Amino acid sequence: MKFSISIEHALHCLMYMVDVEENKSIGIRDLAEFQGISASYLSKTFTRLAKAHIVLSSPGVKGGYRLARTPEAISFWDIVEAIEGKDPFFRCQEVRFGSPVLKELGALDANDKSPCLISGVMHQGEAEMKRYLSKKTLRWLHDEVFEHAFTDKQRQLTVEWFARHSW
């Protein structure tokens with residue numbers, strides 16, 4: 001399993017948007033410039049985030065994005081689902097019933113309705129990941145980075161940059 005880089009880009013951009021004043025937006029070009037990535041690529045990510053009601057978009061020349069919910073109400077899992085979709089990571093194909101050798105030996109019961117142990121473990125693992133990522137919110141990420149990872153100067157310059165680029 002591999003998450004796309006879009007999740008990392010989204011988390012970074014959304015974390016910075018926490019400090020954008022309420023009812024102000026920031027343009028996709030500004031977000032892309034800050035991250036050093038393509039605006040058209042980031043635009044596709046933000047289209048998915050908007051469809052999931054994580055961000056709101058404002059059309060027009062002065063258009064942009066702002067958070068649709070409080071940072072406490074946006075979890076990492078919300079972002080994963082918005083970008084990767086809601087399909088399960090593992091899809092059991094019941095390969096246990098496809099073994100030609102076991103069929104030839106008569107060891108397969110076509111009426112076997114027992115759940116696949118592998119499928120159960122994989123789905124339980126995904127459920128654990130979902131529980132964990134659902135507890136990590138945008139507010140948590142913002143506070144960890146801005147209060148513990150950034151220096152005072154980094155924090156100040158970042159907040160000022162986003163204040164200048166939001167309207």
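Modeller: A helix here is a DSSP run of H or I with at least four residues, and helices are numbered from the N terminus. The model under discussion is predicted.

Biologist: Which residue follows α4?

Modeller: The residue after α4 has a positive phi, near 95 degrees. This residue is Gly85.

Biologist: How many of the nine residues of α4 are buried?

Modeller: A residue is buried when its relative accessible area is under 20%. In α4 the buried residues are Phe76, Trp77, Ile79, Val80, Glu81, Ala82 and Ile83, and they pack against α1, α3, α6 and α7. The helix is largely enclosed by the rest of the structure, because its buried residues number seven.

Biologist: How does α4 lie relative to α6?

Modeller: The axes of α4 and α6 come within 6 Å and cross at roughly 120 degrees. An angle of that size is outside the ranges for roughly parallel, roughly perpendicular and roughly antiparallel, so the orientation of α4 to α6 is oblique.

Biologist: Which residues of α6 take part in the contact with α4?

Modeller: On the α4 side, the contact is made by Phe76, Trp77, Val80 and Glu81. Their counterparts in α6 are Glu126, Met129, Lys130, Leu133 and Ser134.

Biologist: Is Lys130 buried or partly exposed?

Modeller: Lys130 lies in helix α6 and touches Trp77 and Glu81, residues up to four places away in sequence being left aside. The C-alpha atoms of Lys130 and Glu81 are separated by 9.8 Å, although the two residues are 49 apart along the chain. The relative accessibility of Lys130 is 39%, which is between the limits of 20% and 50%, so Lys130 counts as partly exposed.

Biologist: How many aromatic pairs does the model contain?

Modeller: Two rings of Phe, Tyr or Trp form a pair if their centres lie within 6.5 Å. By this rule the number of aromatic pairs is eleven.

Biologist: What kind of pair do the rings of Tyr16 and Phe162 form?

Modeller: The ring centres of Tyr16 and Phe162 are 5.3 Å apart, and the planes are at 15 degrees. Planes under 30 degrees apart meet the criterion, so the pair is stacked.

Biologist: Where in the chain do Tyr16 and Phe162 lie?

Modeller: Both residues are buried. They are 146 residues apart, and their pair links distant parts of the chain. Tyr16 is in helix α1 (residues 5-17) and Phe162 in helix α8 (residues 152-164).

Biologist: What kind of pair do Trp77 and Phe89 form?

Modeller: The centres of the rings of Trp77 and Phe89 are 6.1 Å apart. Their planes make an angle of 75 degrees, which is over 60, so the pair is edge-to-face.

Biologist: Which partner of this pair is partly exposed, Trp77 or Phe89?

Modeller: Trp77 has a relative accessibility of 6% and counts as buried. The partner with a relative accessible area of 33%, partly exposed, is Phe89.

Biologist: Which element gives the most residues to the largest nonpolar core?

Modeller: Of the 37 residues in this core, Leu14, Met17, Leu31, Phe46, Leu49, Val55 and Ile79 touch the most other members. The elements that give two or more residues include α1, α3, α4 and α6. With eight residues, the element that gives the most is α1.

Biologist: Which residues does Leu14 contact beyond its neighbours within four places in sequence?

Modeller: Leu14 is one of the core residues that touch the most other members. Beyond those neighbours, Leu14 is in contact with Phe46, Leu49, Ile54, Val55, Leu67, Ile79 and Leu138.

Biologist: How do α7 and α8 lie to each other?

Modeller: The two helices pack with their axes 8 Å apart, at an angle of about 130 degrees. Phe146, Glu147 and Ala149 in α7 meet Gln154, Arg155, Thr158 and Val159 in α8. The angle is over 115 but not over 145 degrees, and the helices are therefore oblique.

Biologist: Is His53 exposed or buried?

Modeller: His53 lies in the loop between α3 and β1, and its phi is positive, about 60 degrees, although it is not a glycine. Its relative accessible area is 55%, which is over the limit of 50%, so His53 is exposed.

Technical notes: Residues numbered from 1 in each chain as written. Predicted model: local features only at pLDDT ≥ 70, side-chain atom pairs only at ≥ 80, totals over all residues. Heavy atoms only, no water. Phe/Tyr/Trp six-rings, centres within 6.5 Å; stacked < 30°, edge-to-face > 60°. Buried < 20%, exposed > 50% of the residue type's maximum accessible area, 1.4 Å probe, protein only. Core = buried A, V, L, I, M, F, W, Y, C linked by side-chain atoms within 4.5 Å. Contact = heavy atoms within 4.5 Å. Axes fitted to C-alpha atoms, helices over the stretch in contact; angles between N-to-C directions. Parallel < 35°, antiparallel > 145°, perpendicular 65-115°, else oblique.
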